[in-house]
Amino acid sequence: MNKDDLTAHPQGEFFNTQADRLQADLQNFTRQVASCDKLIRMANISLNQIDGRIAEAANVEARAAAIVEASAREASRAATEAANKAVAAAVGQLTAASKQAELVCSDLQRAHGRAALWNAGYIACALAACLLTGYVTYRIGKSAAITPDLERAVAVAEEHETLLRKASDKEKKQIADILARKPKSN
């Protein structure tokens with residue numbers, strides 16, 4: 001088992017689930033940003049419509065100036081009224097779009113908060129897993145301590161190894177001959 005492969009550990013699936021949730025939050029955040037862009041485009045379209053309606057009102061007013069003074073005043077009044085209505089309608093649309101943009105911004109702030117909470121939870125779980133692993137390792141190491149008998153056996157083996165390193169070629173050959181002998185059967 002590869003110790004660097006997180007999915008091979010029992011906690012790997014939990015971390016993958018947390019990563020999937022974070023990914024879903026990020027996708028939601030991306031959609032909300034796209035909604036914000038759409039609202040801004042709608043606001044720009046509304047502003048263009050206001051400009052168009054104001055230009056239209058100005059044209060009506062210019063034509064009205066060419067008519068008799070009485071009809072000019074009537075036409076001017078009607079044009080001004082239409083412009084006021086157009087402006088009021090456009091301002092209403094812009095206000096509604098602004099409110100929706102504020103709602104999207106508050107949703108984005110909540111999404112940032114949730115992402116921060118997920119990150120904090122992930123870090124807390126990772127630290128808890130590290131502490132648990134350290135504790136279990138400590139307990140296992142403590143229970144599998146080297147006994148005095150094992151220490152003596154290791155010391156004897158080290159002495160034998162030292163003697164073998166210091167042995168002459170003749171002594172090494174004698175040892176090999178002894179080891180090569182077949183045991184005597186009784």
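Student: Why is C130 counted as exposed rather than buried?

Tutor: In this predicted model, C130 has a relative accessibility of 54%, and because the word exposed applies to values over 50%, C130 falls in that class.

Student: What class does C125 belong to, and what relative accessible area does C125 have?

Tutor: The relative accessible area of C125 is 31%, and since a value that is neither under 20% nor over 50% is called partly exposed, C125 is described as partly exposed.

Student: How many disulfides does a search of the whole structure find?

Tutor: The search of the whole structure gives zero disulfides, which means that no pair of cysteine sulfur atoms was found within the 2.5 Å that the term requires.

Student: Let us turn to the overall layout. What is the secondary structure of the protein chain made of, and in which order do its elements run?

Tutor: The protein chain has four helices and zero strands, so that, read from the N terminus, its elements follow one another as α-α-α-α, a run being called a helix when it has at least four residues.

Student: How much of the protein chain counts as buried?

Tutor: Of its 186 residues, 13% count as buried, while the accessible surface of the protein chain comes to about 14,800 Å², with 61% of that surface belonging to carbon and sulfur atoms.

Student: What share of the contacts in the protein chain with a separation of 6 or more comes from residues 24 or more positions apart?

Tutor: Such residues account for 71% of those contacts.

Student: Why is Q18 called buried?

Tutor: Q18, which is found in helix α1, residues 10-66, has a relative accessibility of 8%, and because buried means under 20%, Q18 meets the rule. Leaving aside its neighbours within four places in sequence, Q18 is in contact with W118 and Y122.

Student: Is Y122, one of those partners, buried, partly exposed or exposed, and what makes it so?

Tutor: Y122 lies in helix α2 and has a relative accessible area of 34%, a value that stands between the 20% and 50% limits, so Y122 is partly exposed. Beyond its neighbours within four places in sequence, Y122 is in contact with F15 and Q18; the C-alpha atoms of Y122 and F15 are separated by 7.2 Å, although these two residues are 107 residues apart along the chain.

Student: Why does D25 have no salt bridge?

Tutor: D25, found in helix α1, is buried, and the nearest side chain of opposite charge, that of R114, is 4.2 Å away; because a salt bridge needs a nitrogen and a carboxyl oxygen within 4 Å, this pair does not qualify. D25 is nevertheless in contact with R114, A115 and W118, its neighbours within four places in sequence being left aside, and there is no contradiction here, because contact means heavy atoms within 4.5 Å.

Student: How many salt bridges are there by this rule, and what allows such pairs?

Tutor: The count comes to four salt bridges. Side chains of opposite charge can pair when their charged atoms come close.

Student: How do you know that D149 and R152 form a salt bridge?

Tutor: The closest N and O atoms of D149 and R152 are 2.1 Å apart, and because the limit is 4 Å, the pair counts as a salt bridge. These two residues are three residues apart in helix α3, residues 148-166, so they are separated by about one helical turn, and D149 is exposed, its relative accessible area being 51%.

Student: What makes E161 and R165 a salt bridge?

Tutor: Their closest N and O atoms lie 3.2 Å apart, which is within the 4 Å limit, so the term applies. E161 and R165 are four residues apart in helix α3, about one helical turn; at 44% relative accessibility E161 counts as partly exposed, whereas R165, at 56%, counts as exposed.

Student: What links R77, E81 and K85?

Tutor: A network of salt bridges links them, and within it the side chains of E81 and R77 meet at 3.3 Å, N to O. E81 and R77 both lie in helix α2, four residues apart, and since their relative accessible areas are 36% for E81 and 45% for R77, both are partly exposed.

Student: Which residues form a nonpolar patch on the surface?

Tutor: L132, Y135, V136, Y138 and I140 form the patch, with about 530 Å² of accessible area together, and Y138 has its place in helix α2, residues 69-143.

Key
Residues are numbered from 1 along each chain as its sequence is written. This is a predicted model: local features need pLDDT of at least 70, side-chain atom pairs count only at pLDDT 80 or more; totals for chains, interfaces and linings use all residues. Side-chain values use heavy atoms; hydrogens and water are left out. Buried means under 20% relative accessible area, exposed over 50%, partly exposed in between (1.4 Å probe, protein chains only). Accessible areas come from the Shrake-Rupley method with a 1.4 Å probe; for residues, only the protein chains shown count as cover. Patches are made of residues with over 30% relative accessible area and no salt bridge: like charges are joined within 9 Å, nonpolar side chains (Val, Leu, Ile, Met, Phe, Trp, Tyr) within 5 Å. Lys and Arg count as positive and Asp and Glu as negative; His and the chain ends are not counted.
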